[in-house]
Amino acid sequence: MDIATLRSQHADHWAKACAIRALAMDAVQAANSGHPGMPMGMADVATVLFEKHLKFDASQPRWADRDRFILSAGHGSMLIYALLHLTGYEDVTLEQVKNFRQWGAITAGHPEYGHVAGVETTTGPLGQGISNAVGFAMAEESLRARFGAKIVDHHTWVIAGDGCLMEGISHEAIGLAGMQKLSKLIVLWDNNNISIDGPVSMSDITDQRARFAAAGWKVLSCDGHDPADIDRALTEAKASDRPVLVDCKTHIGFGSPTKQDTAGAHGSPLGPDEIKATKAIYGWDHEAFVVPEGILKAWRAIGARGTAARKDWEARIATLPAGKRAEFERQMSGAAPKKLAAAIRAVKKDAAEKAPKVATRKASEMVLAAVNPVMPETIGGSADLTGSNLTKTADLGIFTPENRKGRHVHYGIREHGMAAAMNGMALHGGVRAYGGTFLCFTDYARGAMRLSALMGVPAVYVMTHDSIGLGEDGPTHQPVEHLAICRATPNTWTFRPADLVETAEAWELALTTDKTPSVLALSRQNLPTLRTSFTAKNLTAQGAYVLAEATGKRRAILLATGSEVEIAMKARAILEAEGIGTRVVSMPSMELFAAQPESYRRRVLPAGPVRVAVEAAVRQPWDRWLLGERGSEKKAAFVGMEGFGASAPAEVLYEKFGITPEAIAAKVRALL
């Protein structure tokens, strides 16, 4: 539909949509940076969505049963900022719009979760938003099954662009959504055929509609500038029994006399003259950032449209039995149940008494067997490695279209899609998501894992087969650099527990934090229980602690994690037999140890003794603890990996790569 027809036949709609376009052009120009074309192109779709379909109340942005709106094409962030400002979200003031992309403003270049109340997830890395949305829709299905449709019954709406659909993660996400028949998930595709380099046809010939249909989605289409046609398509989408793609054919930079349908409207300001000419075409005769009172009033009415539905929902939830309502509120808040601490203590006590020799991946399964029954909000899963990651406990059941009460997801070989869906479930609320693969394959999930950290989402990554100890699968599957990568990521806890006790403590921390994702690096090979004296205190929370003290004068300190703590203990026995007093420090979490008071770190790592760190991985993260913290180059050494692994049985690999008690003892002697 052309602009003249829009202005004449849909004048009220046109005025509201132009408010979005004008604010987008003005804010990008003021910042001298940004993406004006996408908001200009999708303003009509967004106006119809917010006015007639989206269930929300701008005065209560965290209402639990609101529809979720995700701008996957996060570069077009002025679309969501304009919508939130116009509909009356309290924090998105006109001043924030004017300060788009500036220091201290919540209106960041790409929408960031936690900065703005109406932003459900951080987007910008293309493909992440649509993939998060799958998790949002899965969480909605699970909660509806648990608490009933009177309490949980809402849609997840996504605006995605050509770039989102080109990213490989989108293929993982749409396949998972189609298989799961997530009928409350609706993706609005901004089909404008333009990327930064130019026409999409320069780089892609994919028939996206056929692609989604092949994955089990319902596919609809509309003229993205015809409000009646948009309304028709969105109405039909809500009635679907499977996820829906709505192909919204649009013009990027709609109305710009020289930049419409070109890459020139994509990633840079239009310029003062182009903005003036475009506004004249729109019939928008107002200064920058000015929205006439009548138009703003109409938008504020849209923002208040959901108040009645929200109050009806509040009345319904008030009729729930007190216990069920309290449980719903607890799960939505992310707070752990009171029974969790007792469940963890029981596992630790039993481990100390029976001292089982099990792989820490098996230890993780044993912890989950105690945790999952007392935390009905956990949803686990694996990227086609359930039998190896041991993420499924007997009580979970499988999450399927036929069993929404199931709590284990078969993600298939979709590590990245799994991680993004976990983020979405956690962001939705009411779910504690964990998922497993091999530690080496964090490479495949890295984009979503980074966003877990950036957003402060407490997803739990169960990463097994954590070293050369996995053996014969060889260097393609043996992680050596991955612990360093995880530890280098801000706001991430990387746990490498040495036994069942430390594994239980790591899980307790991972399930009680509300702002930090956790990586559990777990062994394939069996490990002995080293903590055989029960203590209720969570020693892993300290990051590192003295596992075994020197019996005489302390001359050496051995630091180790995971499967190498056992080796360090054997090296200690050799050294002690030679009269070399040796302390062993288990360091399951470098991040948590670094966060301890300096006085505690000094007690664990005092000046004087030589230090040897032992880990079947690269040295990189260890130098702080070897050379810093009162250490020195002359009195420190590392026993670990200098390159990639090899294919052989685990015990052979440890011997060939020199990660042995004898090699550790030799390092200590050389330093002394």
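1. A good place to start is the pairing of two helices: helix 6 passes helix 14 in a right-handed crossing. Please keep in mind throughout that this is a predicted model. Helix 6 covers residues 128–147, and its axis lies 12 Å from that of helix 14, at an angle of about 165 degrees. Angles over 145 degrees count as roughly antiparallel, and helix 6 and helix 14 are therefore roughly antiparallel to each other.

2. Which residues bring helix 6 and helix 14 together? From helix 6 come L143, R146 and F147, and they meet K324, E327, F328, Q331 and M332 of helix 14. By class, this contact holds four nonpolar residues, three charged ones and one polar one.

3. Helix 14 also turns up in the largest pocket, so to speak a second job for your eye when you look at the model. This pocket encloses about 440 Å³ of space. Its lining is made by 24 residues, and those nearest the centre are Y113, M332, S333, G334 and A426. Helix 14 (322–333) and helix 18 (415–428) are the elements that give two or more residues to this lining. M332 is worth finding on screen, as it belongs to the helix 6 contact and also lies by the centre of the largest pocket, among the residues nearest to it.

4. The lining of the largest pocket is mixed in class: nine residues are polar, eight are nonpolar and seven are charged.

5. The second largest pocket has a volume of about 270 Å³. Closest to its centre are E566, I567, K570, E651 and Y654, out of 15 lining residues. Three helices each supply at least two residues here: helix 22 (563–577), helix 26 (650–656) and helix 27 (661–671). Helix 22 gives the largest share, four residues. Sorted by class, the lining has six nonpolar, five charged and four polar residues.

6. Now for the enclosed spaces. How many cavities of 30 Å³ or more does a search of the whole structure find? There are three. The largest cavity holds about 110 Å³, and D67, F69, Y89, G118 and E120 are the closest to its centre among its 13 lining residues. Nine residues of that lining are nonpolar, three are charged and one is polar.

7. The second largest cavity contains about 40 Å³ of space. Around it you will find R446, M449, Y461, C486, T489, T492, P517 and V519. Five of these lining residues are nonpolar, two are polar and one is charged.

Definitions and conventions. Residues are numbered from 1 along each chain as its sequence is written. This is a predicted model: local features need pLDDT of at least 70, side-chain atom pairs count only at pLDDT 80 or more; totals for chains, interfaces and linings use all residues. Side-chain values use heavy atoms; hydrogens and water are left out. On a 1 Å grid over the protein atoms alone, a cavity is a set of points where a 1.4 Å probe fits but cannot get out, and a pocket is an open set with protein on both sides within 12 Å along at least five of seven lines; lining residues have an atom within 4 Å of a point. Grid points are joined across faces, edges and corners, and a volume is the space filled by probe spheres set on the points. Ala, Val, Leu, Ile, Met, Phe, Trp, Tyr, Cys and Pro count as nonpolar, Asp, Glu, Lys and Arg as charged, and the others, Gly among them, as polar. Axes are lines fitted to C-alpha atoms, for helices over the stretch in contact, and angles run from 0 to 180 degrees between N-to-C directions. Angles under 35 degrees count as roughly parallel, over 145 as roughly antiparallel, 65 to 115 as roughly perpendicular and the rest as oblique. A crossing is left-handed if the near helix is turned anticlockwise from the far one by less than a right angle, and right-handed if clockwise. Contact means heavy atoms within 4.5 Å.
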